[in-house]
Amino acid sequence: MFSLNSLIRSATGKAAGCRKSFRSLSNTRPELQEASSVSVGNMVRGPERLDSRWTKGVPDYMKDIYTWAYVNPTNVRLLDHQFVVDAILFFNARVLERCVLDNLAVGSHVIQVGHTHGHLCPDAAKKVGPTGRFSVVDITPIQVEHAKVKLQEFPWTTVRAGDASDFSSVLPEGETPYDTTYAFMLLHEIPDKMKYEVVDNMLKSVKKGGTVVWVEYHGPPYWYNPTRYFMPFIFRWLEPFALRMWESEIESFANAELKKQFTWTKEVYGGNLYQVVIAKHNGA
Ligand SMILES: C[S@@+](CC[C@H](N)C(=O)[O-])C[C@H]1O[C@@H](n2cnc3c(N)ncnc32)[C@H](O)[C@@H]1O
């Protein structure tokens with residue numbers, strides 16, 4: 001009989017040090033080209049070959065596993081397009097992004113934890129609008145630069161460099177708590193210990209009555225969904241912290257006392273491969 005566990009165990013490949021090559025894609029935004037002035041020949045290089053300004057302050061898990069996606073400026077330039085996000089999320093990106101946008105009120109105070117390729121950031125900034133305030137925090141220098149460029153036409157936005165496992169990066173001292181804090185496909189990319197810290201920091205960052213939204217992998221996908229059978233291999237190859245999202249509810253990462261202060265709901269998408277979890281603070 002088919003055993004998902006044996007499939008997962010048999011999945012092979014090392015994520016650390018992986019090298020990906022990409023076909024050269026055109027980029028129509030000169031500002032981003034300027035921010036990514038590394039030759040295409042560098043796109044498969046590891047962190048040790050990059051200029052130190054791109055790796056400064058970047059934790060080992062990002063350099064070891066995600067240089068190809070979020071640290072190497074050439075790759076970031078190539079990947080930061082909506083069609084890439086659509087493809088990576090098997091054409092579920094738009095519906096998942098819509099779930100985030102539906103939770104953002106015009107004129108509200110919002111933070112996105114972790115920059116995203118594609119147009120979620122600017123769409124969210126537009127939805128919040130000039131009567132609100134919108135921030136992005138990210139841990140890699142190139143993602144911070146890309147977010148700044150993508151949000152430059154919206155003066156009500158702020159982009160910060162910071163680690164979401166550090167509370168002051170999510171809600172800096174003196175900043176008023178948010179109406180909505182969200183993360184789009186972040187938790188599966190961070191080490192398990194950090195999942196607890198980031199979930200707690202996000203919950204602590206909202207005001208009474210505020211909302212926290214996570215869009216994440218979920219699983220295992222239904223038996224008739226082909227991703228059930230090949231995603232464990234992809235995870236083992238490229239995303240070693242992701243399978244935890246198939247085994248654990250997001251609320252299980254929350255501190256017990258904090259968790260009780262929120263009402264939790266979950267909806268699944270893409271044949272159970274994705275989840276949208278909303279934690280609404282019970283206070284008025
Ligand atoms: C939010 S996820 C989004 C992934 C998704 N595939 C996309 O781009 O649409 C990726 C981002 O999270 C950032 N990130 C990873 N660990 C982080 C941390 N501890 N704090 C803040 N940002 C982090 C990465 O630098 C990257 O820009």
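## Exercises on a predicted model with a ligand

Let's start at the ligand: the residues of the shell around it split into 12 nonpolar, 8 polar and 3 charged. Here, Ala, Val, Leu, Ile, Met, Phe, Trp, Tyr, Cys and Pro count as nonpolar, Asp, Glu, Lys and Arg as charged, and the others, Gly among them, as polar. This is a predicted model, where local features need pLDDT of at least 70 and side-chain atom pairs count only at pLDDT 80 or more, while totals for chains, interfaces and linings use all residues. Residues are numbered from 1 along each chain as its sequence is written.

**Exercise 1.** Find how many residues surround the ligand, and which are the closest.

*Solution.* Step one: a residue is near a molecule if its C-beta atom, placed from the backbone, lies within 6 Å of it. Step two: 23 residues surround the ligand, and the closest are Gly-114, Thr-116, His-117, Gln-143 and Ala-164. Step three: helix H4 (60-71), helix H6 (82-88), strand S2 (133-138) and strand S4 (178-184) are the elements that give two or more residues to this shell. Helices (H or I, at least four residues) and strands (E, at least two) are DSSP runs, numbered from the N terminus.

**Exercise 2.** Work out which residues of helix H7 (residues 93-101) are buried, and where they sit around the helix.

*Solution.* First you need the cut-offs: a residue is buried if 20 or more other C-beta atoms lie within 10 Å of its own, exposed if 12 or fewer, and partly exposed in between, with C-beta atoms placed from the backbone. In H7, the buried ones are Ala-93, Leu-96, Glu-97 and Val-100. Now look down the axis of H7: the buried residues fall within an arc of 100°, so they line one face of the helix. (The arc is that of the directions from the helix axis to the C-beta atoms.)

**Exercise 3.** Describe the surroundings of Val-268: is Val-268 buried or partly exposed?

*Solution.* Begin by placing Val-268 in strand S6 (residues 262-269). Next, count: 15 other C-beta atoms lie within 10 Å, so Val-268 is partly exposed. Then list contacts (C-beta atoms, placed from the backbone, within 7 Å). Leaving aside neighbours within four places in sequence, Val-268 touches His-218, Tyr-274 and Gln-275. Gln-275 is also the bridge partner of Val-268 in S7. Finally, zoom out: S6 and strand S7 (residues 274-281) pair in the antiparallel sense over 8 bridges, where pairing takes at least two DSSP bridges between the strands. Their hairpin has 4 residues between the strands, and Gly-270 takes a positive phi near 55° there.

**Exercise 4.** Track down the backbone oddities in two of the loops.

*Solution.* Start with a rule of thumb: most residues other than glycine have a negative phi, and most peptide bonds are trans. In the loop between H6 and H7 you'll find Phe-90, with a positive phi of about 50° although it is not a glycine. Phe-91 is in that loop between H6 and H7 too, and its phi is near 65°. Check the C-beta counts: Phe-90 has 15 others within 10 Å, so Phe-90 is partly exposed, while Phe-91 has 11, so Phe-91 is exposed. Last stop is the loop between S5 and helix H12 (227-238), home of Pro-220. The peptide bond from Gly-219 to Pro-220 is cis, with omega near -5°.

How values were computed:
Two residues are in contact if their C-beta atoms, placed from the backbone, lie within 7 Å.
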